Amino acid sequence: MAAPIVPLPDILPHLPPRGSLLGLDLGTKTIGVATSDPDRRMATAVETIRRSKFTADADRLLTIASERHIAGFVLGLPVNMDGSEGPRAQATRAFARNLAQRTERPIAFWDERLSTVAAERYLIDQDVSRARRAQVIDQHAAVFLLQGALDRLAHLRVS
């Protein structure tokens, strides 16, 4: 059975009351990975996966999901500044469709516009060297996008 792929506000009925989410910043060469606490309040960096074939990438993500008892996935959707979707957004949607065939955990999309810019600024403010920033930027972008999604979900639960 394939996992549901839904807009972020529609993921709540597919999730248990508690359970961590895995945030993914999908790049062409790497995947930044972040996770939340089981109460879905705070995002933290996990790792950066060097992309190879989809099967290897998905295997690693599903291993992380199993080890961390993940309830669902949040994929950053690289929407253009004008709100349109280009080739990268289409590639992200294709990745989600393929991942959904390999898991029952629900998958949601979150607008990731400027998450990498925010992560870069944060790392510069923390005086992280250029070389170290290059190593961790993707996972920090995943933290920013997942934290935005967590904040939105918290707002939806209160409303």
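Leaving aside neighbours within four places in sequence, which residues is Leu-24 in contact with? I'll start there and work outwards. One caution first: this is a predicted model.

With those sequence neighbours set aside, Leu-24 is in contact with Ile-31, Gly-32 and Val-33, then with Leu-61, then with Phe-73, Val-74, Leu-75 and Gly-76, and finally with Leu-145. Several of these names come back when we look at the nonpolar core. The largest core has 25 residues, and the ones with the most contacts inside it are Leu-24, Ile-31, Val-33, Phe-73 and Leu-75. At least two core residues come from each of these elements: strands E2 (20-26), E3 (30-36), E4 (43-50), E5 (70-77) and E6 (107-111), and helices H1 (54-67) and H2 (87-100). There is also a second, separate core of 17 residues, and among its members are Leu-8, Ala-34, Ala-142 and Leu-153. As general background, nonpolar side chains in soluble globular proteins tend to be buried together.

Now the overall layout. The protein has four helices and six strands, and along the sequence they follow the pattern β-β-β-β-α-β-α-β-α-α. Of the 159 residues, 45% are buried. If we take contacts with a separation of 6 or more, 65% of them are between residues 24 or more positions apart. The exposed surface comes to about 8400 Å², with carbon and sulfur atoms supplying 52% of it.

Back to Leu-24 and its strand, E2. Seven of the seven residues in E2 are buried, and the strand is mostly covered. On one side point Ser-20, Leu-22, Leu-24 and Leu-26; the other way go Leu-21, Gly-23 and Asp-25, and all of these are buried. Note that Asp-25 and Ser-20 are in that buried set.

What does E2 pair with? E2 runs parallel to E5, joined to it by five bridges, and the bridge partner of Leu-24 in E5 is Leu-75. E2 also pairs with E3, in the antiparallel sense, over five bridges. In E3, Leu-24 has Val-33 as its bridge partner, while Gly-23 has Ala-34. E2 and E3 make a hairpin with three residues between them.

That brings us to E3. Is this strand enclosed or open? Seven of the seven residues of E3 are buried, so the strand is largely enclosed by the rest of the structure. Both of its faces are covered: Thr-30, Gly-32, Ala-34 and Ser-36 lie on one side, Ile-31, Val-33 and Thr-35 on the other, and all are buried. Recall that Ile-31 and Val-33 are listed among the residues with the most contacts in the largest core, whereas Ala-34 belongs to the second core.

E3 continues into E4 through another hairpin, this one with six residues between the strands; in the turn, Arg-40 has a positive phi of about 60°. The pairing of E3 and E4 is antiparallel, over seven bridges. In E4, the bridge partner of Val-33 is Glu-47.

So what does Val-33 touch, not counting residues up to four places away in sequence? From E2 there are Leu-22, Gly-23 and Leu-24. Ala-45, Val-46, Glu-47 and Ile-49 are touched as well, as are Leu-61, Ile-64, Gln-139 and Ala-142. Val-33 is buried, with a relative accessible area of 0%. For scale, Val-33 and Gly-23 are ten residues apart in sequence, and their C-alpha atoms are 5.8 Å apart in space.

The last residue I want to show is Ser-36, also in strand E3. Ser-36 is buried, at a relative accessible area of 5%; buried here means under 20%. Where does its side chain reach? The side chain of Ser-36 reaches the backbone nitrogen of Leu-21, at 2.9 Å. Again leaving aside neighbours within four places in sequence, Ser-36 is in contact with Ser-20, Leu-21, Met-42, Ala-43, Leu-146 and Leu-150.

To recap, Leu-24 on E2 has bridge partners in two strands: Val-33 in E3 and Leu-75 in E5. Val-33 in turn has Glu-47 as its partner in E4. That is all I have.

Definitions and conventions
Residues are numbered from 1 along each chain as its sequence is written. This is a predicted model: local features need pLDDT of at least 70, side-chain atom pairs count only at pLDDT 80 or more; totals for chains, interfaces and linings use all residues. Side-chain values use heavy atoms; hydrogens and water are left out. A nonpolar core is a set of buried Ala, Val, Leu, Ile, Met, Phe, Trp, Tyr and Cys residues joined through side-chain atoms within 4.5 Å. Buried means under 20% relative accessible area, exposed over 50%, partly exposed in between (1.4 Å probe, protein chains only). Contact means heavy atoms within 4.5 Å. Two strands pair if DSSP finds at least two bridges between them. Accessible areas come from the Shrake-Rupley method with a 1.4 Å probe; for residues, only the protein chains shown count as cover. A polar contact is a pair of N or O atoms within 3.5 Å; within protein, one must be able to donate a hydrogen and the other to accept it, and residues adjacent in sequence count only if both atoms are side-chain atoms.
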